[in-house]
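Reader: I'm new to this one. Could you walk me through it and tell me how the labels are earned?

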Amino acid sequence: MTAPVIEVRGLRTSFPVEGGRLDAVRGVDFDLRQGEVLGLIGESGSGKTMTGLSVLRLLPEAAETEAQSLRFKGEDLLQLSDEAFRALRGTHLAMVFQNPAGAFNPAKTIAWHMREIFRRKAARAGRSEEGDAPRDWRAETRRRLAEIGIAQPSRILKLYPHQLSGGMLQRVLIAMVLALEPDVIIADEPTTNLDNIVERQILVLFRRLQKRLSVAIMFITHDMTVAAALCDRIAVMYAGEIVEIGATSDIFHDPKHPYTQGLLATATALTRGGRLREIPGELPGALDAPPGCLFEPRCPHARAECRAARPAMRSLAGERQVRCVLYG
Amino acid sequence: MIVDLATRSEHQHGETPPLMRIEGLTVEFPNRSREPGAPRRFRAVDGLSLEIRPGEVLGLVGESGSGKTTVGKALLRLYEPAGGRVWFRDTDITHLSERRLKPYRRNLQMIFQDPLASLNPRHTVGRALEIPLLLHRICKRSEVRGAVDRILSEVGLSPTLRDRFPHELSGGQLQRVAIGRALTLSPALIVADEAVSKLDVSVRAQILNLFKEVQERLGLSLLFITHDLHVARYLCHRIGVMYFGKLVELAPTETLFTSPRHPYTQALLGTLDKDLELAERDEGFVIGEDLGAANEGCRYYNRCEIRTARCRIAHPPLERVEREHDIACYERGSSFPAERQAKS
Amino acid sequence: MAGGRRRAWRRTWRAVLRNRTALAGLVITLIVALGVSAGAALAPYSPVDMDFANILAPPSWMHPLGTDSFGRDVLTRVLYGGRISLLISFTGVLIAAAAGTLAGMSSAYHGGITDAGLMRFSDLLFSFPSFVLALFLMVVLGFGVQNVILAIALVYFPIFARLARNTTLLVKEEPFVQAARLMGQSSLRILFREILPNIAAPLVVQASIGIAFGIVIEAGLSFLGLGVQPPTPSLGVIMADGREYFQRGPWVLTLTGLVISIALLGLNLLGDGLRDLTDPRLRKRAEL
């Protein structure tokens with residue numbers, strides 16, 4: 001088994017809110033392996049976005065992140081200075097967010113942005129000091145844009161970010177990320193605002209990227225069906241913890257954790273008809289987290305021991321892990 | 001259940017007059033695109049005709065930019081139609097002044113996509129529910145508190161939430177309040193504009209069930225606007241598919257899912273199976289900038305796989321192909337790939 | 001309905017206490033306000049009675065700020081004058097806020113020609129530096145307290161109008177306003193019940209800063225003899241006196257100026273603090 005590209009152990013993030021501290025991420029462990037797509041599934045409040053942001057050091061000052069270990073290709077990220085980390089981000093580690101506009105400089109054309117990407121690639125490869133784009137970058141750019149299905153790339157290149165629709169901008173951003181060919185892509189709900197047809201095409205692109213370049217992708221989403229289509233492994237998060245992790249087909253055919261089961265039942269019920277099964281109740285409030293299992297109040301299999309202490313992760317066959325007393 | 005829905009809509013056809021009717025509705029906006037050469041006004045909805053029957057759930061499905069939200073808002077006169085007519089029961093309400101529209105306002109309510117934004121952040125939940133009750137004199141001031149509590153229970157919320165402010169509630173709770181508020185006026189029609197899109201999956205089920213329960217119990221009509229076909233299938237009796245401001249297909253739910261005839265509907269349904277291996281194989285599918293708004297012919301021309309020369313001349317009219325099934329296509333979408341049909 | 005409101009107030013109060021800028025501003029402003037209201041009344045001296053035996057006495061225990069060229073206790077005059085200056089500024093800003101907010105809100109809500117007209121009118125007023133505009137208005141309207149108030153109101157009217165208009169434009173597109181329309185609420189009700197509470201915060205911030213500079217405008221106008229007429233004290237009048245006798249009694253001018261600065265500081269800090277408090281609170285819901 002190849003060494004993981006990203007290794008996370010004991011990641012915790014909290015930040016101050018009125019009345020105390022909010023634990024957004026409560027001790028998360030996972031590996032991201034080369035050439036795999038790991039899905040991080042959860043609803044709002046699950047901590048999935050926070051996990052991505054914590055790994056990328058994109059949290060506001062007030063947030064406190066700590067981890068036992070956080071490694072990229074064996075290198076300890078925790079030791080890196082902010083400057084060194086910033087050099088990594090945008091060259092080796094790329095991100096795609098739900099709202100693409102933030103990634104663009106509103107005063108520059110799309111062509112400029114694409115050129116930046118090539119510059120960074122060159123700098124990363126050590127091909128030149130500041131990083132010069134190769135001579136044929138325009139042709140390359142047009143090819144990349146056509147690859148994601150843009151019919152008239154030359155026209156798009158001359159435009160400014162605000163002249164493009166959200167969907168178009170997201171596609172251009174993804175073309176940029178594809179062109180960058182990073183080691184890791186962390187994508188947070190990249191297709192949520194897009195139409196079904198466009199979304200599908202982008203998922204195809206991610207898949208292609210994974211196959212051709214062995215890029216490791218961490219795909220954060222709340223959409224089970226998208227995860228099922230794209231991801232090799234899935235980690236299900238609830239209230240800041242990973243409650244289940246395993247191969248996609250395993251999780252979908254045989255969900256172990258009651259929360260996963262509930263989520264899947266809801267997602268599939270919509271496709272098959274019949275009454276929708278609800279998961280009663282709501283997420284635990286920010287500050288009144290119970291001492292025991294966080295899902296216990298809503299769990300149909302809750303027992304007395306669930307309330308006593310937070311369940312630990314149990315390892316099962318086939319690289320499955322579940323955080324539930326039902327499994328030992 | 002699915003069989004019931006189909007026969008129900010057939011049963012009502014021709015028996016009771018429609019609750020709302022739109023004919024040739026056109027809604028325009030000043031064009032925000034700063035691209036050189038873009039037209040000054042942009043047609044969000046173009047000559048759309050539709051009717052909503054009493055007690056039915058009509059789905060309006062389309063991507064963002066299809067105009068579906070605009071239809072919902074134009075129906076409620078939140079936008080002023082540039083052309084066409086809107087009827088509520090027998091009255092033409094297309095261009096009525098606000099004052100003359102007021103008595104009809106009670107009958108037409110809306111649930112918005114962002115539950116937090118649909119409530120005044122400075123008002124408590126109780127106040128938000130009080131206002132319509134008192135404004136339309138539905139109950140006396142002394143009875144208001146009881147009425148508010150009743151509504152909260154009806155939508156599955158504890159009456160203690162009455163004193164909370166919107167930012168203290170979760171998305172699901174907020175949407176319930178919004179539904180409760182809409183129900184205070186006992187409307188005949190509720191337009192739900194992507195009402196569950198921003199909610200978490202587990203909460204989505206709760207709210208959908210609430211919609212279903214309320215609609216069946218009170219017999220009101222629901223225009224359910226969504227981009228999610230699954231959600232539409234769960235809730236709606238009939239579904240209309242919109243593309244670029246035009247209605248391209250309209251059929252009872254199951255008919256739409258088992259035998260869609262418009263190529264766009266077929267493409268949408270094709271995305272339901274998220275098998276990417278299959279998708280990769282038909283890579284030749286160009287996204288293309290949707291210049292649909294600019295040309296005179298069929299709006300779907302640029303992306304259509306079965307287009308002919310005829311399609312370029314004028315956008316096809318909506319025509320009946322079989323009982324209760326209308327489509328707007330010259331080619332009648334006869335080629336529905338067999339493998340896809342088997343999978344759905 | 002009381003429970004929720006009370007909790008909201010308590011939370012606001014706690015937030016104010018935590019924000020040091022707002023707290024400092026509040027404290028200073030309160031001290032100043034207390035001084036000019038109660039202090040003036042409790043002062044043993046009269047602000048106008050002259051005492052020729054004691055002309056231009058430097059600061060001492062008897063006269064903490066010394067006396068002026070007529071032997072009047074400067075501190076007492078400053079307290080009385082401060083009260084008058086504050087009242088003038090407050091009234092002027094209040095009028096500007098009320099009129100400006102009304103104009104801005106309805107202009108934004110109804111749009112069209114009135115909106116365009118109001119904005120051009122505001123632009124016109126804006127093009128003059130505030131003090132020059134005030135000066136011009138005094139020349140046109142004549143001297144006296146009432147006209148100072150009017151001048152301040154006119155200087156600030158466009159600021160409030162524009163602020164109210166811009167915030168209303170944003171708020172009126174919000175779904176809850178559309179919901180109110182659907183409910184059948186009249187435009188007037190919507191403006192006051194739905195929109196106004198949501199645009200009030202920046203208006204209050206603007207008002208506190210406006211009052212601060214209103215004092216400066218009033219002081220300037222009275223200094224030039226165009227505003228409050230002596231012997232009625234106002235901060236500007238006192239400073240005019242002080243300037244004339246600066247060589248012999250520099251404390252009058254400087255210490256009065258200091259008092260104005262402190263009052264200004266307090267109000268500005270309060271305004272800044274309020275601005276801090278009101279903005280980020282709206283973005284509480286973190287995306288997790």
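**Overall shape and one helix pair**

Author: Chain A, with 328 residues, has a radius of gyration of 21 Å, which agrees with the value near 20 Å for a compact globule (taken over C-alpha atoms, the rule being 2.2 Å times the number of residues to the power 0.38). This is a predicted model, where local features need pLDDT of at least 70, side-chain atom pairs count only at pLDDT 80 or more, and totals for chains, interfaces and linings use all residues. Residues are numbered from 1 along each chain as its sequence is written, while chains are lettered from A and ligands numbered from 1 in the order in which they are written.

Reader: What percentage of chain A counts as buried?

Author: That's 44% of the 328 residues; buried takes 20 or more other C-beta atoms within 10 Å of a residue's own, with C-beta atoms placed from the backbone.

Reader: What makes H3(A) and H6(A) roughly parallel or antiparallel?

Author: The axes of H3 (residues 110-124) and H6 (residues 166-180) of chain A come within 9 Å and cross at roughly 20 degrees. That makes H3(A) roughly parallel to H6(A), since angles under 35 degrees count as roughly parallel.

Reader: Which residues of H3(A) meet H6(A)?

Author: Ile110(A), His113(A), Met114(A), Ile117(A), Arg120(A) and Lys121(A) do, against Val172(A), Met176(A), Ala179(A) and Leu180(A) in H6(A); contact needs C-beta atoms, placed from the backbone, within 7 Å. The residues of this contact of H3(A) with H6(A) split into seven nonpolar, one polar and two charged (Ala, Val, Leu, Ile, Met, Phe, Trp, Tyr, Cys and Pro count as nonpolar, Asp, Glu, Lys and Arg as charged, the others as polar).

Notes. Axes are lines fitted to C-alpha atoms, for helices over the stretch in contact, and angles run from 0 to 180 degrees between N-to-C directions. Helices (H or I, at least four residues) and strands (E, at least two) are DSSP runs, numbered from the N terminus. Angles under 35 degrees count as roughly parallel, over 145 as roughly antiparallel, 65 to 115 as roughly perpendicular and the rest as oblique. Two residues are in contact if their C-beta atoms, placed from the backbone, lie within 7 Å. A residue is buried if 20 or more other C-beta atoms lie within 10 Å of its own, exposed if 12 or fewer, and partly exposed in between; C-beta atoms are placed from the backbone.
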